[in-house]
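Ready for some practice at reading a protein complex? Work through each exercise yourself before you look at the solution.

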Amino acid sequence: MGRMRGVAWYSLLGLLSLVFIAPVVWMLTTSFKSADEATRVPPTILPENPTTGAYDTLFTGDSQTPVLRWFLNSLIAASGQALLVLVVASMAAYALARMEFRGKRIVFALIIATLFVPIFTLIIPNFLIIDRLGWLDSLMALIVPGAASAFGVFFLRQFFLGLPRELEEAALLEGANSWQIFTKVILPLSKPALATLAVISFLTNWNDFIWPVYTLFSPQNFTLPPGLGTLQGAYNINYPVIMAGAALASIPALILFMVSQRYIIEGVSRSGLKG
Amino acid sequence: MVDVLETAATSTSAPATRAPRRGAGLTPYLFLLPYVVLFVTFTLVPAGYGLWISLHDWDYLLAGKPFVGLDNYQALFDSASPVFDFFWQSMQATAIFTVFSVPLLVTVPLAIALLLNRSFKGRTFFRAVYFAPYVLGVAVIGVLWRFLLDPNLGAVNALLGAVGLPDDTAWTTGLPWAWISLVGVTVWWTLGFNAVIYLAGLQDIPRELYDAAKVDGAGRWAEFRSVTLPGLRPVLLFIVINTILASSNMFGQAYLITQGAPGVETRTAIMYIAEEGLRSYRMGSAAAMSYLLTLALLLVSMITFRLFRTKD
């Protein structure tokens, strides 16, 4: 393309980028403003006297908003679920991709059918099931039920179907059993897919909102998303503190996205189409 | 999902002549077991259990949960019942949000995908930037936009004031502003998701079709209508249905940005169902509502499927 067109092209893309980035940057800059400065009209663009005051308030805040604890809880829940998903989904996906057995059609059709069941239909009965298991107001409620999601099974099944069979057949001739083939041949070949699934599961759980809002009750047991709702109530218009909390919840997600964006986008764009 | 259905049909009906019979005996079931336990406990059982609950006067806090048949459903259609007004108000809110957000979320991401579906330097970078908000959770973007849209202190009104427009719009408490805010924020947040799906779809359209169109002397618009759109058909169907489902599931944005305001105008069906079932603990009634909503969504999805099929 010509030089002028090139300039116009990148200006358009750049302007569009600003729409997506500016709000997030605003969140970060506000978190380094004083409460006074954040209420000024018109607002300052960059903090005049950058301060970590909002973060100090956030971390030393009262017992109703133990933010570091929320951070830790989020980390445990998201890692725990990602791990659980990897184990159960890879095993199930392997069976569905490579084995023939009675009932396969039904199992697969049932799992597909749940893609059409809206989550809210399950939220009330699942609340009661969690209650019966004694998991209300605990991290177990956040780790286990979400691992029943069909996404991981579809995603990995699709990947396994694309793997060449020769290596498995060679292993079979050498007398390896299914479990050995699965752990020694299939899983090592699937590292990129497993990493993608782990990251997507982690982020999904890290960001989950409605479920923790209704199943966690004690501030000590919150994760960051319901915690942000609490911060909004507790700090009202002290926006630097709320933005500091939002930054705390965003930064791990954004870092994870930056290092693995190709995989995440690939995984997401396939979820709808081929998964 | 479309292709999921197709792969399901082909893969399960294909005879297993080629593969050695390594799936004999219990092995496949053992591999499936851990997932199936979770699936049955947290998806299959709750789907049936919810229906059972909806047939009872199920108050979480009371010992007695008498069977009431279809009373909970009947109450939703009885204008004298205490839930009638609130329920249909919330259904209306969900409908308004869906009707205004879906067309935007179907068209704008397509435009962005077309923009990105050319070869230029930095393409992957821009794709990542437009996708980035989606990586943030609804809680983050909710409190962030609650701040940006604050009528007095927010950047949005400050920006509008700076260019000489009214700077006192009640984005979070007035009508129709609250709707514009919720739709706008949602488009900003999830646009990248649909865009990357479109982009993958665009890249699956064979180059030869474009070359053929060029040979036929087709212009840009003719090419778009005769090659791009038909090629995107399955993707489009997926996006439309998935976006309808996602929009009618809207919860966090309204919960954090408008808190249902003004009054209960922006309280969506999910918000009302969750409040009724998980705050007031009237679970029978809430379960009945969720099944009615599911039924409505199923109907809408089926109509969409039909529309796409008959266009052939």
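Before you start, here is how helix packing is described: axes are lines fitted to C-alpha atoms, for helices over the stretch in contact, and angles run from 0 to 180 degrees between N-to-C directions. Helices themselves (H or I, at least four residues) and strands (E, at least two) are DSSP runs, numbered from the N terminus. Two residues are in contact if their C-beta atoms, placed from the backbone, lie within 7 Å.

Keep in mind that this is a predicted model: local features need pLDDT of at least 70, side-chain atom pairs count only at pLDDT 80 or more, and totals for chains, interfaces and linings use all residues. Residues are numbered from 1 along each chain as its sequence is written, while chains are lettered from A and ligands numbered from 1 in the order in which they are written.

**Exercise 1. Find out how confident the predictor is about chain B and the complex.**

Step 1: look at pLDDT, the predictor's confidence in each residue, from 0 to 100. Chain B averages 90, and 92% of its residues score at least 70.

Step 2: look for a weak stretch. In residues 1-20 of chain B, pLDDT stays under 50, and the model has 22 contacts beyond four places in sequence for them. Where pLDDT is low, the predicted coordinates should not be read in detail.

Step 3: check the complex. Its ipTM is 0.94 and its pTM is 0.92.

**Exercise 2. Describe the build of chain B.**

Step 1: count the elements. You get 13 helices and 0 strands.

Step 2: get the dimensions. The C-alpha trace of chain B spans about 75 × 70 × 35 Å along its principal axes.

Step 3: check burial. A residue is buried if 20 or more other C-beta atoms lie within 10 Å of its own, exposed if 12 or fewer, and partly exposed in between, with C-beta atoms placed from the backbone. Of the 312 residues of chain B, 38% count as buried.

Step 4: see how far contacts reach. Take the contacts in chain B between residues at least 6 apart in sequence: 67% of these join residues at least 24 apart.

**Exercise 3. Compare the UniProt record with the model.**

Step 1: read the record, remembering that UniProt positions are given in the numbering used here, feature names are shortened, and annotations may be inferred rather than shown by experiment. For chain B, the unreviewed entry lists "transmembrane region" stretches, including residues 177-200 and 235-257.

Step 2: look at both stretches. Residues 177-200 of chain B are 100% helix, with end C-alpha atoms 35 Å apart. Residues 235-257 of chain B are 87% helix, and their end C-alpha atoms lie 31 Å apart.

Step 3: move to chain A. There, UniProt (unreviewed entry) puts "domain: ABC transmembrane type-1" on residues 71-260. That span is 76% helix and 0% strand, and its end C-alpha atoms are 21 Å apart.

**Exercise 4. Work out how α4(B) and α12(B) pack.**

Step 1: get the geometry. Helix α4 (residues 84-116) of chain B packs against α12(B) at an angle of about 145°, with the axes 7 Å apart.

Step 2: name the residues. From α4(B) come F86(B), F87(B), S90(B), M91(B) and T94(B), and they meet A269(B), M271(B) and Y272(B) of α12(B).

Step 3: sort them by class. Ala, Val, Leu, Ile, Met, Phe, Trp, Tyr, Cys and Pro count as nonpolar, Asp, Glu, Lys and Arg as charged, and the others, Gly among them, as polar. This contact has 6 nonpolar, 2 polar and no charged residues.

**Exercise 5. Describe where the two chains meet.**

Step 1: count. 81 residues of chain A are in contact with 80 residues of chain B.

Step 2: find the top contributor on chain A. Helix α14 (residues 239-273) gives the most to that side, with 16 residues.

Step 3: sort the chain A side. You find 62 nonpolar, 14 polar and 5 charged residues.

**Exercise 6. Hunt for unusual backbone spots.**

Step 1: find the cis peptide bonds. One joins V41(A) and P42(A), with omega about -10°. Another joins L175(B) and P176(B), with omega about 0°. P176(B) sits in the loop between α7 (155-162) and α8 (177-204) of chain B.

Step 2: look for positive phi. Q259(B) has a phi of about 50° although it is not a glycine. Why does Q259(B) count as partly exposed? Because it has 17 C-beta neighbours inside 10 Å.
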